[in-house]
Amino acid sequence: MDQSSYRLLQILSLACLACRLTSSSFTNYGTIIPQSPTVEIGKEFTATCVVYGAAKATVDDIYWTSGGVTVPKEQYTKINDSAVNVTIPITKETGKWLLCKKNESPSFFNKSTTIHGIQLTKGYPPEKPENLSCMAVQSDRQISSNVTCTWQPGKMDETISTTFTLFGSVIAINQNYSTKAQRSSGCIYFGTFPSYMELDIWVDVENNLGKVRSDILFIIDPNEMVKTNPPSDVNIISENNFSRTLLVSWKHPIHETVVKLKYNIRFCTVGAGVWTEVPPNDTESSKESFRLQYLKPDMEHVVQVRCMHHTGYGYWSDWSTNTTARTPEDKPTSKPDLWRVVIPSQGKSERRVEVICKDPVESNGRIRGYNIKIQDGAWEAVPVNGSELNSRSQERKIIPLYQIPLSDKRRGSIELKAWNSVGESPRASLGIPKLAHEPPPVASLSCFNQDRRLWVEWQPPNGETTGVTEYVLEWVSVSDGVIDWQREPRHNRKAPIKGNLQRFKLYNISVYPMYSGWTGKPLTTASFLEQGAPLEGPSVKVRRTGKSNAEVEWTEIPLDKQRGFITNYTIFYSTGGKEHSIVVSPDTYSYTVEGLASNSKQVVRIMASTVQGSTNGSDLSFNTLMYAPGQMEATVVAVCFGFLFVIVLTVSLCMYKIDLITKIWPPVPDPSNSTIANWSPDFPSKAVSPKESVLGDVSVVEVDVFDRKSLCEEDKAGLPLKKDKYLSEEHSSGIGGSSCMSTPRQSVSDSEEGGDSGQTTTSTVQYSSVVASNGYKGQSPCTLPQSPCTLPQSPCTLPQSPCTLPQSPCTLPQSPCTLLQTPQCGSSQSQTPSFARSESTQPLLDSEESQEGSGQSHQRNPYFSRSPGASESRDPGDRNQLEMEEQGLASLRFCPLEEGSQQTTPTDEGQSPDGQPGPGPSYMPQLKGHKQQC
């Protein structure tokens, strides 16, 4: 079936249904009895359905529905073929419509036909009114004819219409009166008020479910239900001779012939708010005055009066308007409340005592002044300002009276009396003991809050009350120093503070035990009447910042803004995008926060907490350092020290660079500049006769630098002396010249090699070893005499030697050479001195060796003499000695002399400087010196 066919079928069905309903609305199939009834909830209801012929149905085809729910067949009752009953219970859930229907044959359009239907109205019957009462009020000087009655209507169903009717009947004349009333009140008019006539009054309540009547109110005398006006012309008289009484008078509101009345009086002081009533028995009569007694002197009192029927039935009139009057003054009947404040003196052994007091409780008038007596002195009058002392005020002000200095080792006593215009008060006394002899304090003290009051609890001294006559509770405001106190009996262990304490304010509470007027030691504690969250948070600042930490400090919140005891402080700080917190004790006001990121921005705040809440302070931003304190300074100092070290090292190297260079590259003396180049054995400065006994053997070894072959075969026996080659590379020395750590230089050629004098000897290094067993040619070895030559400062160490240098004006220059293993002169055993020389003496030795050792025919100038076969004829002892000397020569050097000082001229041959004969020189004299090479 397509969509258009489905829509067409729906339209045809609706049209057929509309036609059927239209045709049925004009046809009456039956009725239900009763029509639209009011039914009572909680009861059963029966209805009858009567079927008409047009319905074309019998009672067997009938069924009932209530609220759309089919009623079971068991509740049906068949009356005849055209009528059937149904009975249903009425509840709050019962449907509003009750329908009678007939069953139809099944069809596409419907299955049943409604015969008839009714609407049910559910509700309750009226309840009986209770507590009916009536009252007649005074109108002018008579009683009004309108009587107003009230009652309690009970439950009322708002869905059912209910009527209230007030009835009154004057029994004596059998006259009834009625009026429509409200649900709970009504007013009935009697024409004339029926005074002294019996009267019945009642209320009827009616609705569709029933009618009910209240109990009848029987009134014997209608005057008993009269409410008169308050007494008029109330007046108060104050009598000077009667300071505690007031006379009150008034007038009757209505004539006694109409209503006989009795009165009631109440009074209070101005501002008290608590009334005191005069006992009713004292005012039962109809008199028009009364004297109030036992009032407070010099106090303003308020008085009110009311009246009612003398039998006590009926209604009290309203209270009269306030009437005030003041009682006369009287002398104070209680002593002033005397107290003191002790102020210790700084650096002195005395106290300053300030005497204060409060007015007597029973001042009985305005206090004009005080009479005070200190110790055993005379009474002194202390006048006070009347504006500060006003007994009419409910607040007892504190009066400062006197200040006295009192030594710590002295006790004091104070006496005080208050006076007014009538007389003096009883005497009050107070004793202040010595500071070291104060009586003991209470054993314990605590405070707690209860019913919005601050309670103080304590225990007596030493657990007993012996000697204690009373306790004084003192409280002082910490923020402004306002002081107050109260007294408690000796048997009390706790009491509420009666002063005007303020919330969120800190007080120091002290308890003083009193010993017959002498004060004991106080015990003090701090407390709040009520605590709250602080009004503001702590103000924080940064005291010191570091690389990874910061020290923060904060100030204490002012007392008037703390509003409670600070339980802790919480430090909040952010690092690395995460907030951290640290809780510290309430007595901490600075803290070092660790673990912060270096060279970064940090945010910190402080939160203060009490038992009632917390308050945050303002945020503070700061930056941590890039370097820790001292790190930059240490780096700068290290760099400075390093730079200084480099400078010192550079300066030192510059100062010693010559020595350093000579140690690394040792210089070699230049033979061309040596004095030995100009020296010739053929032209000695002085002829010296050689001695046989001092002639020594000289062996010359020539070694080629490259092949290292010996050029003299006969000296192979002296191979151990070849080590002089290596020594000469490090230390080269010779007669007439020396150098330390010298390098090879050009040698001087002999007379026969004059053509080769220009050649260098870099390829051949000549070494020589001079063994002077019996001395040189023409020289005799001997002990060197003491020489006046001055040894300059030198790093070379001169070993101690018994040899004495001959006197000479020469001066030894600075030289790094060291004289080692100096031969011992004058020993018992003759030792052959050895000398090491440099290549500068090589031509001299070559000429002599070639003359003596070779078979050449030409004659050479003899430099040194050498005995043939001396080495072969030497005994083994001499050979050993020669080896020892060779070892010693390895370290033996000659220090060079200054040029110009090298020429030595002995005084006489074979004589010492003192003229005595002595040994000859140990070396050949030189004509000229040589140039220093070191």
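**Stop 1: the C49–C100 link**

Start by selecting C49 and C100: the two form a disulfide, with sulfur atoms 2.1 Å apart. Keep in mind as you go that what you have open is a predicted model. Now colour the strands around this pair. C49 belongs to strand β3 (residues 44-51) and C100 to strand β8 (residues 97-103), so the bond ties together parts that lie 51 residues apart in sequence. Look along the S-S bond next: the angle about this bond is -85 degrees, which makes the link of C49 and C100 left-handed.

Are these two cysteines buried or exposed? Switch on a surface and look for them. C49 has 0% relative accessibility and counts as buried. C100 is buried too, with a relative accessible area of 0%.

**Stop 2: the C134–C149 link**

How many disulfides are there by the distance rule? The count comes to two, so select C134 and C149 for the other pair, since sulfur atoms of two cysteines within 2.5 Å count as a disulfide. Here the sulfur atoms sit 1.9 Å apart. The angle about the S-S bond is 105 degrees, and the link of C134 and C149 is right-handed. Follow the chain from one end of this link to the other: C134 is in strand β11 (residues 130-139) and C149 is in strand β13 (residues 146-152), 15 residues apart. Both C134 and C149 are buried.

**Stop 3: C447 and C640**

Now try a further pair of cysteines, one after the other. Select C447, which is partly exposed at a relative accessible area of 24%. Then move to C640, where the relative accessible area is 47%, again partly exposed. The class follows because partly exposed covers values between 20% and 50%.

**Stop 4: the sheet β28-β29-β32**

Select residues 337-344 and 398-407, which are β28 and β32, and add residues 350-358 for β29. Together the three strands form an open sheet in the order β28-β29-β32, with antiparallel pairing. Which strands stand at the edges? They are β28 and β32; each has a single partner strand, so one side of each is left without a neighbour in the sheet. Turn the sheet to look across the strands: the twist averages 25 degrees from one strand to the next.

Zoom in on β28 and β29, which pair in the antiparallel sense over eight bridges. A handy place to stop is I343, which stands opposite R352 in β29. Strands of a sheet pair through backbone hydrogen bonds, so show the backbone atoms here.

**Stop 5: the sheet β43-β44-β47**

Further along the chain, select residues 540-545 for β43 and 590-593 for β47, plus residues 550-554 for β44. These three strands make an open antiparallel sheet in the order β43-β44-β47. β43 and β47 are its edge strands, each pairing on one side only. The twist averages 25 degrees from one strand to the next.

β44 and β47 pair in the antiparallel sense over four bridges. To find one of them, pick E551 and look for T592, its bridge partner in β47.

**Last stop: the whole protein**

Finally, clear the selection and zoom out. The secondary structure comes to eight helices and 55 strands. Of the 934 residues, 40% count as buried. The accessible surface comes to about 51000 Å², and 52% of that surface belongs to carbon and sulfur atoms. Among contacts between residues at least 6 apart in sequence, 65% join residues at least 24 apart.

Conventions
Residues are numbered from 1 along each chain as its sequence is written. This is a predicted model: local features need pLDDT of at least 70, side-chain atom pairs count only at pLDDT 80 or more; totals for chains, interfaces and linings use all residues. Side-chain values use heavy atoms; hydrogens and water are left out. Two strands pair if DSSP finds at least two bridges between them. Helices (H or I, at least four residues) and strands (E, at least two) are DSSP runs, numbered from the N terminus. Axes are lines fitted to C-alpha atoms, for helices over the stretch in contact, and angles run from 0 to 180 degrees between N-to-C directions. Buried means under 20% relative accessible area, exposed over 50%, partly exposed in between (1.4 Å probe, protein chains only). Contact means heavy atoms within 4.5 Å. Accessible areas come from the Shrake-Rupley method with a 1.4 Å probe; for residues, only the protein chains shown count as cover.
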